[in-house]
Amino acid sequence: MAIEQMKLVNIVGPLGLFDEVVRNCVVDSGFAPENVLEFVGSSGELLPFTMRNPSSSLLSRALSLLDKLDIEPCYHNFTADQCDEGVITAYFDELSDRYQNLTTRQDQCRRAMEDDEQILKQLDSIMDVRANLDDLFNLHYAKLRVGRIPREIYENYARYLEENPEVYFFPTGDSPEYVYGMYVTPASISGKSDALFSSLHFERIHISGKAHGSPAEARQGLEDDMAHQQQQLEEAQKELDAMRQQEKDQLLSYYSVLKYYKDTYDMRQFAAHTNDTFYLCGWVPEANLKAFEKKFEPLQDSVYVLEEPASEAVVPPTKLRNKGPIRFFEQFVEMYGLPAYNEADPTPLLALTYTLFFGVMFGDVGQGLVLILAGILAWKKLKIPLGKIISVVGCSSVVFGFVYGSVFGNEDLLPGFKAFESVSNTNLILMCSVGLGLLFISVAMAYNIYNGIRQKNLGKALFSQNGLAGFVFYWAVIVAVLGTMLTDIELLNPVYIGLLIVVPLLLIFAQEPLGKWLAHRKDWMPKEKGSFIVENFFELFEILLSFVSNTVSFVRIGAFALNHVGMMMVVFALMDSVGGIGSPIIFVIGNIFVMCLEGLIVGIQVLRLEFYELFGRFYSGTGTPYRPFVIQFKREKKN
């Protein structure tokens, strides 16, 4: 069911043709390689290839340059004359030098602007000074210091500083916390004066020697220099942008060459060889086998493609082949695990049941249409794969919205039948939910029987709780209960109970030894019979409970349908209580809240029904994904 049939092929040829075969015949041909030495076993003649890829270092340089130039890696056509590693190396060297020169210029401009900005901050404290800074800081018989004193300390010692004959302090500015200023002292006692101001918590501000003239003139010069550096920075950026555009095609071509060469060379990790012959083996979809073999026609005299006969010991990878909207639900199946190659693909069943259950639980025409639009937006614009499923279940919500007669919770807009119009329909909806559970649990059992037959496991198909014995027991009990409740027919007689209930239970109880006996295994009889009886008794009891709990679990389908109606009734009650202009606001906010909260809960609950009540009965999810050898030129995004 919807699983691509695979063929195992061996490729054998002269050792010198390995790269040509990989590049011309294997790449992008649907060939999923297997490790030869692990797959067929190592022998004295078969040897692994040495893995010293000559393209790895150059490819790393290409990726580094692409990152630096902010170019997204992708495939770009290349020609034979672009495959010379010497030419590529020289190009990378020249491009790296150009890039380095431009970035160095940019760094120098940024550092110069940062220095100028710092000097401007230094000048802020002495902008009231009119003297030439060069003259002030180059005095021979006196020393001048610029800085700041905490305001509280200055106010306490201002008079002392004014009366001190050895130093002259004059303020140049202030702030709430500090008084800015400078002091002049004779050079002969500058140490003593510095110690005095240090005791007053004077913080010195060192004016850069780059500042010349008066503070105002120095500021203007620095601002002019910053403007010049900014212009240089912008010019360097323009040159960098121009280089990016000019070199983009060439760089991507060289990247594509190196990526192509590296990945094809890495095929050696799967291959083996003798002194003169290489060996490759892998899987090809049966539908693509003829096209795959046709690629080898130019080499048919020296390279051979041999189809391996089918073997139960060899398990092919799994490739799903669902179409249309069913394909959207493969992401849910992959969450549980891919189906094994000899296992039925549950995607069609999941697509049907998930869509049906969600619609029943979240039936509303208006909200369903919103889900459709939101899903399309998430799918097309935001590239979120889940948007596809949201769109599909939105359609189901619209359909069941017409059944319930509900449009954004309003059940008066649509004419005709409405499922919730009568209170008596509530029990009917819950019973129909259980009926859906009976139906799809039975379908899950049918899947298990089919899987057991495909896997040649008759014990699983016939005697397991989800096999034929479980199916007969399950429906015998259901028919007996329904017959007793709805008709006067008494089915629970000794013959009915013995043949359709007791015998299936005994087969389920002994499923393990019976399965081994059918498989002609000599160890079919349990060694510890007492332990076997006790363990299987309790296991049988658990199986009976699971039949009941799994069936009753489907009541949640109808319960959530009623819950949806209840939540919308609350919204309309709030609208009536608010009234006026607040009523439409409550309507919009209430519908958004219900769609977000209940939509999320319903989506999770339906997924729970799928995985626990259905998948657990027939699905192992132990398949190996089919990974054909293709070269991914685009960088994979990390989640």
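Two strands pair if DSSP finds at least two bridges between them. In this predicted model, strand β9, residues 277-285, can be followed through three such pairings, with β1, with β2 and with β8.

Strand β1 covers residues 6-14 and pairs with β9 in the antiparallel sense over nine bridges. Within that pairing, Ile 11 stands opposite Leu 280 of β9. Strand β2, residues 32-34, is also antiparallel to β9, and three bridges hold the pair. Here Ala 32 has Trp 283 in β9 as its bridge partner. Strand β8, residues 272-273, is joined to β9 by two bridges, again running antiparallel. His 273 and Phe 278 of β9 are bridge partners, and a hairpin of three residues leads from β8 to β9. Strand β9 is mostly covered, with eight of its nine residues buried.

A further group of strands forms an open sheet of four, in the order β5-β6-β4-β7, with antiparallel pairing. The edges are taken by β5 (168-174) and β7 (203-204); each has a single partner strand, so one side of each is left without a neighbour in the sheet. Strands of a sheet pair through backbone hydrogen bonds, either parallel or antiparallel.

Between the edges, β4 (residues 142-150) and β6 (residues 178-186) run antiparallel and are joined by nine bridges. Two residue pairs help to place the register: Lys 143 has Thr 185 of β6 as its bridge partner, and Arg 148 stands opposite Tyr 180 in β6. Two helices pack on this sheet. Helix α6, residues 151-163, touches β4, β5 and β6, and its direction makes about 120 degrees with that of β4. Helix α7, residues 190-199, also touches β4, β5 and β6; its direction makes about 160 degrees with that of β6.

On the other side of β6 in the strand order is β5. The two strands pair in the antiparallel sense over six bridges, and a hairpin of three residues joins β5 to β6. Asp 174 has Val 179 of β6 as its bridge partner.

Helix α4 spans residues 85-123. It has 39 residues and reaches 56 Å from its first C-alpha to its last, close to the 57 Å expected at 1.5 Å a residue. At the start of α4, a side-chain oxygen of Asp 84 comes to within 2.8 Å of the backbone nitrogen of Gly 86.

Further along α4 is Asp 116. Is this residue buried or exposed? Asp 116 has a relative accessible area of 0% and is therefore buried. Not counting residues up to four places away in sequence, Asp 116 touches Lys 210, Leu 222, Asp 225 and Met 226.

The loop between α3 (56-68) and α4 holds Tyr 75. With a relative accessible area of 42%, Tyr 75 is partly exposed. Its side chain makes a polar contact of 3.4 Å with the side chain of Asn 77. Which residues does Tyr 75 contact when neighbours within four places in sequence are left aside? They are Ser 256 and Phe 633. Tyr 75 and Phe 633 are 558 residues apart in sequence, yet their C-alpha atoms are 5.3 Å apart in space.

The nonpolar interior remains. The largest nonpolar core has 57 residues, and those with the most contacts inside it are Phe 329, Leu 350, Tyr 354, Phe 357, Ile 557 and Phe 615. Helix α21, residues 582-618, gives the most to this core, with nine residues. Apart from this core lies another, of 48 residues, among them Val 9, Val 22, Ile 88 and Leu 299.

Phe 329 shows the surroundings of one residue of the largest core. Not counting residues up to four places away in sequence, Phe 329 touches Thr 347, Leu 350, Ala 351, Tyr 354, Thr 355, Ile 389 and Val 392. Leu 350 and Tyr 354, both touched by Phe 329, are themselves among the residues with the most contacts inside the core.

Methods
Residues numbered from 1 in each chain as written. Predicted model: local features only at pLDDT ≥ 70, side-chain atom pairs only at ≥ 80, totals over all residues. Heavy atoms only, no water. Buried < 20%, exposed > 50% of the residue type's maximum accessible area, 1.4 Å probe, protein only. Contact = heavy atoms within 4.5 Å. Core = buried A, V, L, I, M, F, W, Y, C linked by side-chain atoms within 4.5 Å. Axes fitted to C-alpha atoms, helices over the stretch in contact; angles between N-to-C directions. Expected span 1.5 Å × (residues − 1). Polar contact = N/O pair within 3.5 Å; in protein donor to acceptor, adjacent residues only side chain to side chain.
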